[in-house]
Amino acid sequence: MTQRGFPGDSALATRMALVIFLLGLVYVVFIAALIAFGVPTLMIALVVGGFFLLQYYLSDRIALFSLGAHEVSAEEAPMLHGVVDRLCTLADMKKPRIAVAQNDMPNAFATGRSQANSVLCVTTGLMRRLDEGELEGVLGHELSHVAHRDVVVMTIASFLGLLAGLITRSLMYTGLYGGFGGGRDRRDEDRGTAMVMAIILVSAVVYAISFLLTRALSRYRELSADRSAAILTGRPSTLAAALVKVTGEMAAIPTRDLRNAEPLNAFFFVPALASGFSLSSLFSSHPSLERRLEQLAQIETELARAG
Amino acid sequence: MSMLDALFGRTKQKQPNLDVLFALPSAAVTLEEAGLRPSGRAAVAFKPASGEGFADMRRELDQLLQRSASDSGTTLRQEDDSYGYHWVVLDDPQIEDLVGAVHLVNASLTDKGFGPALLCAVFAFAPSASGAIGGPDPASIPAPDPVSSSAPATAPAPASRGGSGPASNSPSQPDQSVCLVYLYKRGTFYPFAPRPGERRDNEAELRVRAILGKQLPIEPDLGRWFPLWGAPIA
């Protein structure tokens, strides 16, 4: 397939491949370490796997419910449906269901494990602040998340961190109350305690590394979605304007509301962080505004040369 | 999008399928036998991109269209809709000329690498109930805003049923005009029968699908039969 005018971003793809590779590596090493230590891995995996499946299959409903969003029909929101209809036709993808959350915080998210049962949700605050072109850019960004199956990728990617975190915590408990070693004499007990300490240490390290890697992956996927949306709508600067507008508004919103929204950040268009809360770029799930604007400006110059 | 593309978040732009369009004239004959004749109007919609590249292409396309229009006797006008799409609206009594002109737009965009910007092409069909409507009547689509949606005045009046009863395979509402919408990315058509007040006549649409099902690739996924309210083919 020829792609005149729109060269892909190979640097971004390379970095993403590296992160995915490292995540997989950490995964394998961790499982191997668990087996070597003789931890009942199967049991832990079953418990966490259960949670994982629950999240995987119910992610759309959980996210909608926690925001108080409800699905809207084409009659209720003709403009929203019209924009999404056209973008889906341009991109040749199945139209997701559309929901609106009564929330003045300007934001949007997409969720659902496959294209067939994905939901695209926007807040009333977003629709109130953005004009039609900007809203189209944001919807294009969310549709790109759906097309890239980001919910699946990120759920799987964060599974390992979840597992490691759970092991660390549960072993700290059992280790503290001395119930784990179970040895009859003094030497067995010492060895058991050392073993527990080692597992806690390994799990904690795994948790830390996988946390950083998932965050890095999340930032790359945000940039990818920005890129796809800019190419799909053909208007990178309109998306950039929407980003600036939404980010500016986010900082002006009272802190309390924003804290309530934080667990959902991974699926958001712009993460809602309390003002004055400065995370280093290493820990954040979204790239900085400067980085996003820079990429969009670059696509704009590519567009100018195209044709 | 393949699994690998999804994993790396790559965007492969979907290129349009331009060939299926040429099956339309023979399908129009079949539709005419069923009581719907081409109303002599067609339109192409695409999404304008920002940047000089696209602007250059637009200028070339304009010149090309003007020249070919004066050759074939096709009249054309261009306008933007409220969703930010650009429409080239073409008028010509010959459906073959309309298909040719639509293809000219397609080819201009794809040649410059803007094929993915093509949204859809629309061909209007009006009922040919004899005597009821005199002269060529373009399909009318009610505009979304309440001011101009007082369209019933411009919509064709219901045909009188006295004497000649409608043929068994003709649409149930003799006044219903139907558009055939071509989806470039899927290479399929779907019928769109707008009624006043942003409602669609699903019965007429499904009837058209039944009539044309063997001749044209009709979009199987009904979820993609999106309504084109306010499209400038009225």
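## Chain B: overall organisation

In chain B, 72% of the contacts with a separation of 6 or more are made by residues 24 or more positions apart. This description rests on a predicted model. Chain B comprises 234 residues, of which 51% are buried. Five helices and eight strands make up its secondary structure, and along the sequence these elements are arranged as α-α-β-α-β-β-α-β-β-β-β-β-α.

## Helix α4 of chain B

Helix α4 of chain B covers residues 95–111. At 1.5 Å a residue, its 17 residues should span 24 Å, and the end C-alpha atoms do lie 24 Å apart, so the expected and modelled values agree.

The buried residues of α4(B) are B:I95, B:L98, B:V99, B:A101, B:V102, B:V105, B:N106, B:S108 and B:L109. Their packing partners within chain B are two helices, α2 (24–33) and α3 (52–72), together with the strands β1 (36–46), β3 (86–91) and β4 (118–127). After α4(B) comes B:G113, which has a positive phi, near 85°.

## Chain A: overall organisation and confidence

Chain A has 307 residues, and 50% of them count as buried. Its ten helices and four strands follow the order α-α-β-α-β-β-β-α-α-α-α-α-α-α along the sequence. When contacts in chain A between residues at least 6 apart in sequence are considered, 72% of them join residues at least 24 apart.

The average pLDDT of chain A is 75, and 71% of its residues score at least 70. Two segments of chain A call for separate mention. Over residues 1–7 of chain A, pLDDT stays under 50, and the model has 17 contacts beyond four places in sequence for this segment. Over residues 179–183 of chain A, pLDDT also stays under 50, with seven contacts beyond four places in sequence.

## Helix α10 of chain A

Helix α10 of chain A runs through residues 289–305. Its 17 residues, at 1.5 Å each, should span 24 Å; the end C-alpha atoms are 25 Å apart, which agrees with that expectation.

Which residues of α10(A) are buried? They are A:R292, A:Q295, A:L296, A:I299, A:E300, A:E302 and A:L303. Viewed down the axis of α10(A), these buried residues fall within an arc of 160°, and therefore they line one face of the helix. The other side of α10(A) carries the exposed residues A:E290, A:E294 and A:R305. Charged residues thus appear in both sets: A:R292, A:E300 and A:E302 are among those buried, whereas A:E290, A:E294 and A:R305 are exposed.

## The interface between chains A and B

The two chains meet through 41 residues of chain A, which are in contact with 40 residues of chain B. About 3,500 Å² of area is buried between chain A and chain B, with carbon and sulfur atoms giving 53% of this area. On the chain A side, A:R86, A:L90 and A:D92 supply 22% of the area that chain A buries against chain B, more than any other three residues.

How many salt bridges are counted between chain A and chain B? The count is four. One salt bridge joins the side chains of B:K47 and A:E136, with an N to O distance of 3.2 Å.

How values were computed:
Residues numbered from 1 in each chain as written. Chains lettered and ligands numbered in written order. Predicted model: local features only at pLDDT ≥ 70, side-chain atom pairs only at ≥ 80, totals over all residues. Heavy atoms only, no water. Expected span 1.5 Å × (residues − 1). Buried < 20%, exposed > 50% of the residue type's maximum accessible area, 1.4 Å probe, protein only. Arc of directions from axis to C-beta. pLDDT = per-residue confidence, 0-100. Contact = heavy atoms within 4.5 Å. Buried area = accessible area lost by both parts, 1.4 Å probe.
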